[in-house]
Amino acid sequence: MWKLLKNDFIIEKSNKKNIFACIAIALFVLGFFSYQKIENSQELIDQKAGEYQSVASALTKFQNVDAMDYGNGSDLYYNLLQQQRYVVNQSMALKIGRPQLYLDTGIKLAELRASAFDLEGYEKVATNLPSKTQNHLDAILYQFMVKAGILVSQDTLSFYPFLLSLFMMLGSFWFIFISVFSCGILIEEFRHTSLIKGYPVSFDKYVLAKSSSAMLFVLIFIAELFICSLPFIYFYGVGDPNYPIAIFDGSFKVATTLEYIGIALLYMVFIAIFTILLSVILNVLLKNMYLTLFVQLLLFIAPSLFPALVSLIPFNPFNYMNFANLLNGISLELARPVELEAVHGLIYFGISIVLMLVVVKLFFTTGKLKRV
Amino acid sequence: MLELKNIGVNFSGRDILKEVSITFHPGEIIGLVAPNGTGKSTLMNVIMNYLRPNSGKVLFNNELEYTSKKNEVKIHQLVSMMPDQSDLYNHLSGKQHLKIYSSMWNSNPELIERTIEDLGMASYVNKKTGTYSLGMRQRLCFAMQIVSDTQIMLMDEVMNGLDPTQVEIISQILVKKKAEGKTIIIASHLLENLEKYANRIFFVKNGKLDLIEDIYKDLGINGNLVIRVKEGTPELKEKLSQDFPELNIQLLSNSVTLIDFPKDDDGKLERISAFLSDHHEQEFSVGKMTLVDLYSKYYH
Amino acid sequence: MRAYFKFELIHFMTNKKNIAIYVILLFFACFYAIKIAPSFDPIEKVDKDEIEARFLTREDFLNNVVLDENTYPLTRFAAAIYPEWNEYDKQRLDALEQNDMKKYAESTFKWYEYSDSMIFRNGKGLLYYNPRYYTAGNLYATEDGHYAYMYSASRYKGYSEGNSDLSINVFEERTALQTLQRMLHGYLPLILLVSCILFTSDIVLKDKRNPTLIKGFPLSIWRRLLVKGGVALIGSILTIIPLLVGFIIIAIQSGVGDFQLPVPIFSYETRAFTSISMGSYLFQNALLILFWFLLLISMLLLVSIILRNEFANLVVGCIVVFAEFYYYVRGLGFVKDIQWYPSSYVQVGQILSGYREYLNNSTTLTLEYGLLVMSGYTVICLLITFIICNQRWFKLL
């Protein structure tokens with residue numbers, strides 16, 4: 001088996017596709033960095049300005065639609081007024097450099113918002129305000145930071161914060177990238193069947209060797225992500241690996257940047273193994289790399305097109321493919337909210353991988369190698 | 001008319017073809033014979049310009065050379081090379097392949113039906129080539145080239161995988177094409193078959209093309225008959241040499257022992273045959289040296 | 001050459017990948033038409049209750065306000081601007097009562113114009129556009145609102161002055177043609193361009209699998225590439241057919257719309273809207289998308305003969321189409337010459353309607369520039385391809 005792996009790696013090493021993938025990843029990191037540089041120089045301050053406007057416009061709904069007198073406004077109205085005040089305070093706190101005030105006001109703001117959800121008439125202003133999930137995440141983040149004495153930081157370009165945003169962005173793309181990368185696996189074998197049919201190695205072992213070789217390249221890509229980000233240490237510093245970020249993992253909690261990256265890495269590895277095996281099986285069935293790619297992409301989009309699927313089939317690994325959204329608790333905001341836990345995702349991936357390995361072992365005989 | 005002028009091809013220091021100059025005329029079938037890897041396919045690739053020679057040039061009809069892409073297209077109207085059977089489209093039928101080739105070279109569409117009939121392909125030509133056996137695929141590739149109807153045709157191992165009947169059919173078609181004035185260059189290992197219809201046969205050795213008549217001459221076998229002992233041994237050769245020191249005896253790599261038939265026949269033939277039967281060599285024949293023997297002798 | 005064209009076309013149409021692309025497009029077109037389009041919720045609606053509520057509140061205020069030396073300045077301000085505002089709202093309500101669409105269009109046009117000037121220029125910070133623009137996290141809500149109100153004003157002006165059949169579906173932009181216009185403003189051009197990339201990615205490199213069959217064809221490399229490009233172009237244009245099915249479904253549900261309907265076009269130079277007909281708008285879109293196809297195809301042909309890898313084709317194609325998402329930031333066009341990058345013209349509908357100019361503060365992201373840049377790059381790609389093909393040493397396979 002090792003010999004197979006080594007042989008395959010030697011063949012694949014000079015495959016143009018792998019070289020391009022390496023280049024593409026380097027470009028992606030570079031491009032993402034310039035995007036971050038442009039986008040996020042003043043992120044928090046701008047965000048607060050935007051929030052102010054949103055709340056203000058929510059207020060106007062009341063004056064126009066409800067036609068209520070000033071003295072007798074609804075609870076929601078007063079709640080929104082107070083929110084407005086806190087937003088202004090937060091904005092000031094940032095501008096004059098008082099991070100502690102920012103956090104304290106933030107906690108009060110989050111509490112206000114939490115109580116607003118239950119007030120009458122909230123649906124009318126729902127789009128102007130952060131969602132329940134988002135608010136909850138903000139709340140526990142602020143509370144944690146106050147308790148731990150961490151100051152809010154606006155620096156997004158040093159090593160750890162950059163990695164954090166990189167991996168958050170990768171959540172959406174990782175599966176697509178691995179799909180495109182692995183959709184051609186075993187296709188060449190089908191074109192040179194006489195070469196392979198006679199190998200004194202069972203086909204399932206051969207398939208596993210090929211998959212492992214592909215996985216090795218994926219690990220190289222992941223390493224490349226880190227390596228390409230290293231130069232930024234020189235320019236912007238290392239940053240704080242323990243800076244907190246709020247995530248939803250079955251329950252709301254706060255993770256450090258390092259922990260988030262760790263979860264992301266774990267997911268990326270599992271997703272890669274899953275996708276490679278899926279490509280193998282689909283290629284045996286469909287014998288066309290583009291059809292394999294399309295099927296994988298359609299399976300990926302399906303939970304977004306048909307949100308009902310998420311609650312109907314909770315063990316569908318594709319619900320967990322976009323791990324950035326997963327950790328952001330997007331699933332709670334669906335029409336039929338579902339609590340998706342990160343650990344469950346890994347378990348479902350694990351089960352699917354085992355299932356696919358069983359399929360490979362049982363059903364892949366050389367009989368499948370008919371000429372394309 | 002196809003003319004090669006001083007063609008030289010060199011791969012990493014080794015001369016595959018060295019100063020090959022030759023002319024091929026219309027209505028001619030040329031056979032190229034050589035062990036594998038000595039330059040048969042290289043020569044064909046040079047003629048098709050799939051490979052550029054290090055020196056020399058290829059001249060068509062005294063006017064066209066591979067000097068520009070435009071000329072290359074014009075030349076490819078006149079020369080075609082038989083496709084490899086592994087490159088057939090498995091999801092298309094044989095007939096579709098024939099139609100493609102016919103339309104690309106703008107040849108007479110009636111040729112398609114005639115070729116199908118001549119080759120006896122009617123029963124399977126409408127099925128997908130993915131279902132064909134090796135022989136069927138090979139015949140289809142041959143048919144495709146016939147249907148393209150180019151002036152000059154290059155065929156590399158056309159008889160691969162064909163049974164004796166099919167070999168015969170194809171040979172007949174080749175003769176027919178020769179009569180139509182085509183130039184056909186065939187690389188083949190079926191030497192006896194080649195002899196039947198080829199005008200000229202070349203052995204390729206050390207980068208050079210040698211006409212077999214010239215080889216015969218150089219080896220002094222001109223017109224001579226030989227006694228051919230099928231299963232000769234070195235001991236037999238020893239004994240023969242002792243008894244008949246004036247005779248030229250060779251033991252070839254295929255265990256055939258050739259005894260040059262003496263020019264002045266003075267009963268030697270009887271003495272030799274007596275000698276051979278004494279030594280239990282019953283199988284021997286008298287005749288002209290075959291191409292197969294010449295091959296073994298030339299390439300030992 | 002005709003024989004080769006037929007050969008390539010048949011291979012293109014029977015290629016499983018291409019058939020799959022058409023099927024997937026059909027699926028998405030139907031999915032959109034059946035599920036998404038009917039639930040389209042425009043921000044600017046024909047909503048009698050909303051108009052009435054606002055009208056009544058303000059009328060109430062105007063009737064009860066007392067203006068003397070002690071009046072708070074803002075109250076005075078309100079008393080000054082509300083009367084005209086209410087006049088327009090009243091006209092709108094009356095028109096709705098009488099079902100007079102033309103009158104509604106006219107009064108609504110005036111209402112939008114007035115509202116926008118009040119909110120954007122005069123009432124800064126006090127008055128707001130429709131609250132739905134101020135979504136959580138949107139930093140540019142005011143700009144969005146301003147654009148939308150100007151856009152609506154121009155639209156309704158066109159309705160009142162034109163001859164088309166007016167209806168609520170037309171006002172809320174639900175008809176098939178208007179939905180098409182909205183989609184062109186959104187993701188439809190991207191989908192078409194990605195389909196084109198997918199069609200073209202293997203059209204040169206598939207010959208690697210059957211070399212000895214194809215090498216000898218008496219056709220020059222350049223001609224072969226032209227034929228392949230032509231087939232890819234035809235294939236890309238044929239994507240209209242599955243999308244047409246979606247179009248028809250929407251037309252059945254909400255009407256076809258009219259080719260004479262006005263489409264507002266924004267020009268950064270004058271900071272104002274003008275109107276062109278739906279027909280010419282769609283034509284311009286088709287033209288720009290066609291030029292995009294030509295650019296993508298010629299670029300991928302070049303990449304195919306240089307890098308000779310299908311994966312590389314996909315990556316390069318996607319970079320050109322999606323690069324804009326990387327460098328786009330509002331207002332960038334003012335600072336950098338992004339009009340020379342072809343990827344700035346990806347959002348075709350937005351380019352043509354001037355929205356991209358608005359976003360980028362640039363006067364040059366127009367159809368003319370777009371066509372110029374596209375054709376420029378296309379010619380360059382084709383030229384390089386031509387030169388490479390005709391080199392003596394160059395082999396396609």
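The largest nonpolar core here has 245 residues, and the residues with the most contacts inside it are A:Ile271, B:Leu32, B:Leu154, B:Ile186, C:Trp292 and C:Leu296. A second, separate core of 9 residues includes B:Ile227, B:Leu240, B:Leu258 and B:Ile259. Please keep in mind that this is a predicted model, with an ipTM of 0.80 and a pTM of 0.84 for the complex. The points below start from the core and move out to the rest of the three chains.

**Around B:Ile186 and strand 8 of chain B**

- B:Ile186 is a good place to begin, as one of the residues with the most contacts inside the largest nonpolar core.
- Setting aside neighbours within four places in sequence, B:Ile186 touches B:Ile29, B:Gly31, B:Leu32, B:Met155, B:Val158 and B:Leu194.
- In general terms, nonpolar side chains of soluble globular proteins tend to be buried together.
- Strand 8 (residues 183-187) of chain B is mostly covered, with 5 of its 5 residues buried.
- That cover applies to both faces of strand 8 of chain B: B:Thr183, B:Ile185 and B:Ala187 are buried on one side, and B:Ile184 and B:Ile186 on the other.
- Strand 8 of chain B pairs in the parallel sense with strand 3 (residues 28-33) of chain B over 5 bridges.
- Strand 7 (residues 152-156) of chain B also pairs with strand 8 of chain B in the parallel sense, over 5 bridges.
- If you would like an anchor point for these pairings, take B:Ile184: this residue is the bridge partner of B:Ile29 and also of B:Met153.
- Helix 6 (residues 164-179) of chain B joins in too, making a right-handed β-α-β unit with strand 7 and strand 8 of chain B.

**The antiparallel sheet of chain B**

- Chain B also has an open sheet of 4 strands in the order 2-1-4-5, with antiparallel pairing.
- The edges of this sheet are strand 2 (14-24) and strand 5 (64-65) of chain B, each of which pairs on one side only.
- Strand 1 (residues 2-11) and strand 4 (residues 55-60) of chain B run antiparallel and are joined by 5 bridges.
- Within strand 4 of chain B, B:Val58 is the residue opposite B:Leu4.

**Helices of chain A**

- Helix 1 (residues 2-13) of chain A has 12 residues and spans 16 Å from its first C-alpha to its last, close to the 16 Å expected at 1.5 Å a residue.
- Of those 12 residues of helix 1 of chain A, the number buried is 0, so this helix lies largely in the open.
- A:Ile347 is part of helix 17 (residues 342-363) of chain A.
- With 15 other C-beta atoms within 10 Å, A:Ile347 counts as partly exposed, because a residue is called buried at 20 or more such atoms and exposed at 12 or fewer.
- A:Ile347 and A:Pro317 lie 30 residues apart in sequence, with 9.0 Å between them in space, C-alpha to C-alpha.

**Where chain A meets chain C**

- The contact draws 32 residues from chain A and 27 residues from chain C.
- On the chain A side, helix 2 (16-39), helix 3 (43-66) and helix 14 (289-305) each supply at least two residues.
- Helix 3 of chain A gives the largest share of the side of chain A that touches chain C, namely 12 residues.

**Chain C at a glance**

- Chain C has 18 helices and 2 strands.
- The C-alpha atoms of chain C fill a box of roughly 95 × 45 × 35 Å along the principal axes.
- Of the 397 residues in chain C, 42% are buried.
- Among contacts in chain C with a separation of 6 or more, 76% come from residues 24 or more positions apart.

**Confidence**

- Chain A has a mean pLDDT of 81, and 91% of its residues score at least 70.
- Among the elements of chain A, the lowest mean pLDDT, 67, belongs to helix 10 (residues 193-197), and the highest, 92, to helix 13 (residues 257-286).
- Over residues 64-70 of chain A, pLDDT stays under 50, and the model has 10 contacts beyond four places in sequence for this stretch.
- Where pLDDT is low, the predicted coordinates should not be read in detail.
- Chain C has a mean pLDDT of 87, and 96% of its residues reach 70 or more.
- In chain C, confidence is lowest in helix 15 (residues 332-335), at a mean of 65, and highest in helix 11 (residues 221-237), at 95.

Notes
Residues numbered from 1 in each chain as written. Chains lettered and ligands numbered in written order. Predicted model: local features only at pLDDT ≥ 70, side-chain atom pairs only at ≥ 80, totals over all residues. Expected span 1.5 Å × (residues − 1). Pairing = 2+ DSSP bridges. Right-handed = clockwise from strand over helix to strand, strands pointing away. Core = buried A, V, L, I, M, F, W, Y, C linked by C-beta atoms within 7 Å. Contact = placed C-beta atoms within 7 Å. pLDDT = per-residue confidence, 0-100.
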